[in-house]
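Here are a few short exercises to work through with the model open in your viewer. Try each task before reading its solution.

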Amino acid sequence: MTKNANRMLTAGAVICLLLALSVQGQAQYRRGRVDTRAEVESTIRRVENASDRFVRAFDNSLDRSRLDGRAREDRLNERAAELERELDTLRQEFDRAERYHDTRAQVSRVLSTAQSLNAVVMRRRLGANTERQWAVVRRELNSLAAFYNLRGLR
């Protein structure tokens, strides 16, 4: 009788272990907590929305700056548009990916594009609204970077 009880207990433990491992396959451990696909998706959605608001504010700030009408303004606006395209690509790849971590390379590209904009926003006085909008984008991008164990924006 005790032999059967031990076998059943062992079998139950193995089943519990297998269930735990299958849940782990859909989550990523980060600094003592579990990140789920839903959390990453929510962050991507927030950064997409924040970047839309930032790009509008950024364009308006550049239109009111001494760069208005110059090639430098066009290049900066193109950089902001590039960030939006990279985020759109990230969203598409994320939606297709089986595991959210499969989109790590695209997140790295987004962060690389954002880094150059971050430098511009930090150097120039673009107005309180633009700087506030960028702070939201940067915070969400840094959250995204943390999910993927990538270096965030400074």
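Two residues are in contact when they have heavy atoms within 4.5 Å of each other. Keep in mind that this is a predicted model.

**Exercise 1. Find where Phe54 sits and which residues it touches, leaving out those up to four places away in sequence.**

Solution. Start with the helix: Phe54 belongs to α2, which covers residues 37–63. Next, check its exposure. The relative accessible area of Phe54 is 0%, and buried means under 20%, so Phe54 counts as buried. Now list the contacts: Phe54 touches Leu117, Val121, Thr130, Gln133, Trp134 and Val137. Finally, take one of these partners, Val137: it is 83 residues from Phe54 along the chain, yet their C-alpha atoms are separated by 7.5 Å.

**Exercise 2. Compare the reach of helix α3 with its expected span, then work out what covers its buried residues.**

Solution. Helix α3 runs over residues 71–96, which makes 26 residues. From first C-alpha to last it reaches 37 Å, close to the 38 Å expected at 1.5 Å a residue. Its buried residues are Glu73, Leu76, Ala80, Leu83, Glu86, Leu87, Leu90, Arg91 and Phe94. The cover over them includes α2, α4 (104–123) and α5 (128–147).

**Exercise 3. Take Ala80 as an example from α3 and trace its surroundings.**

Solution. Ala80 has a relative accessible area of 0%, under the 20% cut-off, and is therefore buried. Beyond four places in sequence, Ala80 touches Val55, Phe58 and Leu117. Look also at Ser51: 29 residues away in sequence, its C-alpha is 8.5 Å from that of Ala80. Now turn to Phe58, whose contacts outside its sequence neighbours within four places are Leu76, Asn77, Ala80, Leu117, Val120, Leu126 and Thr130.

**Exercise 4. Is Thr113 buried or exposed, and which residues is it in contact with?**

Solution. Locate Thr113 in helix α4. Its relative accessible area is 8%; this is under 20%, so Thr113 is buried. With neighbours within four places set aside, Thr113 is in contact with Arg79, Glu82, Leu83 and Glu86.

**Exercise 5. Describe the largest nonpolar core: how many residues does it have, and which elements build it?**

Solution. Begin with the count: the core has 33 residues. Those with the most contacts inside it are Val40, Phe54, Phe58, Trp134, Leu141, Leu144 and Tyr148. The elements giving two or more residues to this core are α2, α3, α4 and α5. Of these, α2 gives the most, with eight residues.

Definitions and conventions:
Residues numbered from 1 in each chain as written. Predicted model: local features only at pLDDT ≥ 70, side-chain atom pairs only at ≥ 80, totals over all residues. Heavy atoms only, no water. Helix = DSSP H or I, 4+ residues; strand = E, 2+ residues; numbered from the N terminus. Buried < 20%, exposed > 50% of the residue type's maximum accessible area, 1.4 Å probe, protein only. Expected span 1.5 Å × (residues − 1). Core = buried A, V, L, I, M, F, W, Y, C linked by side-chain atoms within 4.5 Å.
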